[in-house]
Amino acid sequence: MLQLQQLEKTYKNAVEPSLRGLSLSFSSTCIAGLLGPNGAGKTTTISILCGLVKADGGSARLLGLDVLQDAEQIKKRIGVVPQSIALYPTLTAVENLQYIGKLYGLSSRLLNTRINQYLQLFGLEKSAHKAIRHYSGGMKRRANIIASLLHEPELLILDEPTAGVDVQSRNMILQFLQDYHRAGHGIVYTSHLLEEAQQLCDEIAIIDHGQLVVQGRPKELMQNLQASSLEQVFLQLTGSSLRD
Ligand SMILES: Nc1ncnc2c1ncn2[C@@H]1O[C@H](COP(=O)(O)OP(=O)(O)OP(=O)(O)O)[C@@H](O)[C@H]1O
Ligand SMILES: [Mg+2]
């Protein structure tokens, strides 16, 4: 599903590298968590995977395809939910979703069916014709996810999909991710919430300072380190100093 080998990235004018030989892999169609504290390199990694940022070295593969050489094929088969809301604030949810769906080449009929289906699933049907700027934080996050789902990608990559939302929105989003996975799709999601990932993920990779700290199945990692939570695993391996 995802394979990174020796990924390197230093942003222009940056003092330090953001990725320092990051290598990790997730097996097919699992729910995978790319975890780490603020500044660990999660968004940089996602940006490389979706072609927004070019790595200085190493390789990245999604669904067995190279992110540079097979970019066009990959785009059709994955959906990426960015950390920041990527919707036009003055347009309504339906207007945003129609615009995005058309970029994916969906027919009007299929697009309208999916827009209605997902607005309902994410509890936004009553606000379908409200401008995004009038949405609450949780509603924006939910709409942001729908925008990457309209073409029903076989792999969904989400950058902090539960950041800054209330417990109801959070539960809804996590339930959706489990259902989407059960329907046969792969999920890669980033978070700094280790407890959330412990409950959700089949496989996780913890990164820090642009490097892999540890990867594996949450239960096995906890057993190996005799820790009662992923948070303990992380603190045991990295210490507790502030990251930024
Ligand atoms: N465009 C940029 N230019 C320069 N430095 C950047 C840029 N984007 C990120 N960085 C730096 O790269 C490092 C990794 O940042 P990144 O956003 O990938 O981390 P993250 O794990 O997603 O953090 P967060 O949990 O806060 O979202 C940080 O030190 C950050 O300051
Ligand atoms: Mg980030």
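**Exercise 1.** Decide whether helix 5 (residues 137-147) is largely enclosed or not by the rest of the structure.

*Solution.* Start with the cut-offs: buried means under 20% relative accessible area, exposed over 50%, and partly exposed in between (1.4 Å probe, protein chains only). Next, apply them: 9 of the 11 residues of helix 5 are buried, so helix 5 is largely enclosed by the rest of the structure. The buried residues are G138, M139, R141, R142, A143, N144, I145, I146 and A147. Last, look at the cover. It includes strand 6, helix 3, helix 4, strand 7 (155-159) and helix 6 (167-182). Helices (H or I, at least four residues) and strands (E, at least two) are DSSP runs, numbered from the N terminus.

The model is predicted: local features need pLDDT of at least 70, side-chain atom pairs count only at pLDDT 80 or more, and totals for chains, interfaces and linings use all residues. Residues are numbered from 1 along each chain as its sequence is written, chains are lettered from A and ligands numbered from 1 in written order, and side-chain values use heavy atoms, without hydrogens and water.

**Exercise 2.** Repeat the analysis for helix 1 (residues 42-49).

*Solution.* Of its 8 residues, 7 are buried, so helix 1 too is largely enclosed by the rest of the structure. They are K42, T44, T45, I46, S47, I48 and L49. Then step past the end: just after helix 1, G51 takes a positive phi of about 85°.

**Exercise 3.** Describe how helix 3 (residues 93-103) meets helix 4 (residues 108-121).

*Solution.* Their axes, lines fitted to C-alpha atoms over the stretch in contact, come within 10 Å and cross at roughly 135°. Angles run from 0 to 180 degrees between N-to-C directions. Under 35 degrees is roughly parallel, over 145 roughly antiparallel, 65 to 115 roughly perpendicular and the rest oblique. Helix 3 and helix 4 are therefore oblique to each other. Now list the contact (heavy atoms within 4.5 Å). Helix 3 gives A93, V94, L97, Q98, G101 and K102; helix 4 gives S108, L111, N112, I115 and L119.

**Exercise 4.** Classify the ring pair of Y88 and Y99.

*Solution.* Rings of Phe, Tyr and Trp (its six-membered ring) pair if their centres lie within 6.5 Å; planes under 30 degrees apart are stacked, over 60 edge-to-face, the rest tilted. The whole structure holds 3 aromatic pairs. In this one, the centres are 5.8 Å apart and the planes at 75°, so the pair is edge-to-face. Y88 lies in the loop between strand 6 (78-81) and helix 3, and Y99 in helix 3, so the pair ties together parts 11 residues apart in sequence. Y88 is partly exposed at 44% relative accessibility. Y99 is partly exposed at 41%.
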